[in-house]
Amino acid sequence: LMGGVLTSFYDWYADLPPASPQVWGDQTDVPESADWWNATYLMMWGSNIPMTRTPDAHFMTEARYKGQKTVVVSPDYSDHTKFADHWLAAQPGTDGALALAMTHVILREFYVERETPYFADYARRFTDLPFLVRLTERGDAHVAGAFLTAADLGETSENAEAKTLVWDTAAGAPVVPNGSIGFRWGDEGAGRWNLDLEGVVPAITLIDSDETLAVDLPRFDVGATEGGGIMRRGVPVRRIGGHLVTTVFDLLAAQLGVARAGLPGEWPDGLDDPAPYTPAWQEEITGVDAG
């Protein structure tokens, strides 16, 4: 009645991460616990299952009879650690650095050094990695701004300001894909609040573009105050409707230090370089072996 946003109970008391319901529309524990039995590789991170999910724990323990590999991220040798094939004993409060380094390796090995079709298809259909982000000038560099929308290109359709765009490699043009938030409300969006790409092939990266740009990115592990510092790394860009844009993936790769040929800026030399956010960088923080 007040025109506010309908929130879930996650948002109300914030004891669980809101990102999962905001992105996928359901709670974090999407499959039921019985589905753990079907997993061949299981990571337990942030939940001591034998203690906090006692009635469900047998699905996890029994699956190990089928050869399931289990990895536990926990600073202490607790009830669930004894089930681990691999125990990543990160120092308390540092597992965020471990996750960042894992993401660095995933992007490097499965998106940059080679394209893994399963990963690429998933990213195009179910994530915001292909969506275009406007870059705005600040000082002698640029910073990431808001998503590029249909309204930025002069469209006046219903909710155009909330219709985010991807670069369609098939058409060679920016396209509003089905499922864009602007279709959720109003008559024009009827039947388009879904993830059917209908032949659109979103570009995860703009690396084939002829233009690159230096972007200032935040770094929070340095500095004498909470302000931290900045890193300057390059991203590939396109000029669309008078706007400089790149993709979420390109910004993420730059933030995590995943180097690609031809991009300006300061980049790690490899996984053993302790620059943000490599495995060697996280080892100094978490104590988990970089290898």
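**Entry 1: the three-stranded sheet**

I began with the open sheet of this predicted model, in which three strands are arranged in the order β1-β2-β3 with parallel pairing. I then asked which strands stand at the edges. They are β1 and β3, and each has a single partner strand, so one side of each is left without a neighbour in the sheet. I also looked up how neighbouring strands of this sheet are turned against each other, and the average is 15°, with direction ignored.

To follow one pairing in detail, I turned to β2, which covers residues 69-73 and pairs with β3 in the parallel sense over three bridges. When I looked for the bridge partner of V72, I found W87 in β3.

Next I asked which strands of the sheet α5 touches. The helix α5 packs on the sheet and touches β1, β2 and β3, and I noted that its direction makes about 150° with that of β1.

**Entry 2: the second largest pocket**

I went on to the second largest pocket, which holds about 360 Å³ of space. Its lining is made of 15 residues, and the closest to the centre of the pocket are L88, L98, M102, D289 and G291.

I wanted to know which elements give two or more residues to this lining, and I wrote down β1 (41-45), β3 (86-88), α5 (95-112) and α8 (279-286). The largest share comes from α5, with four residues. The helix that packs on the sheet is therefore one I had to keep in view for the pocket as well.

Sorted by class, the residues lining the second largest pocket are 11 nonpolar, three polar and one charged.

**Entry 3: strands β8, β9 and β10**

My last search concerned pairings in the antiparallel sense, beginning with β8 (residues 211-219) and β9 (residues 229-240), which run antiparallel and are joined by nine bridges. As an example of a bridge between them, I picked D216, whose partner in β9 is R232.

The strand β9 also pairs with β10 (residues 243-247), again in the antiparallel sense, and here I found three bridges. Within this pairing, I240 stands opposite H243 in β10.

How many residues lie between β9 and β10 in their hairpin? There are two, and I noted that G241, in the turn, has a positive phi of about 55°.

Notes: Residues are numbered from 1 along each chain as its sequence is written. This is a predicted model: local features need pLDDT of at least 70, side-chain atom pairs count only at pLDDT 80 or more; totals for chains, interfaces and linings use all residues. Side-chain values use heavy atoms; hydrogens and water are left out. On a 1 Å grid over the protein atoms alone, a cavity is a set of points where a 1.4 Å probe fits but cannot get out, and a pocket is an open set with protein on both sides within 12 Å along at least five of seven lines; lining residues have an atom within 4 Å of a point. Grid points are joined across faces, edges and corners, and a volume is the space filled by probe spheres set on the points. Ala, Val, Leu, Ile, Met, Phe, Trp, Tyr, Cys and Pro count as nonpolar, Asp, Glu, Lys and Arg as charged, and the others, Gly among them, as polar. Two strands pair if DSSP finds at least two bridges between them. Axes are lines fitted to C-alpha atoms, for helices over the stretch in contact, and angles run from 0 to 180 degrees between N-to-C directions. Contact means heavy atoms within 4.5 Å.
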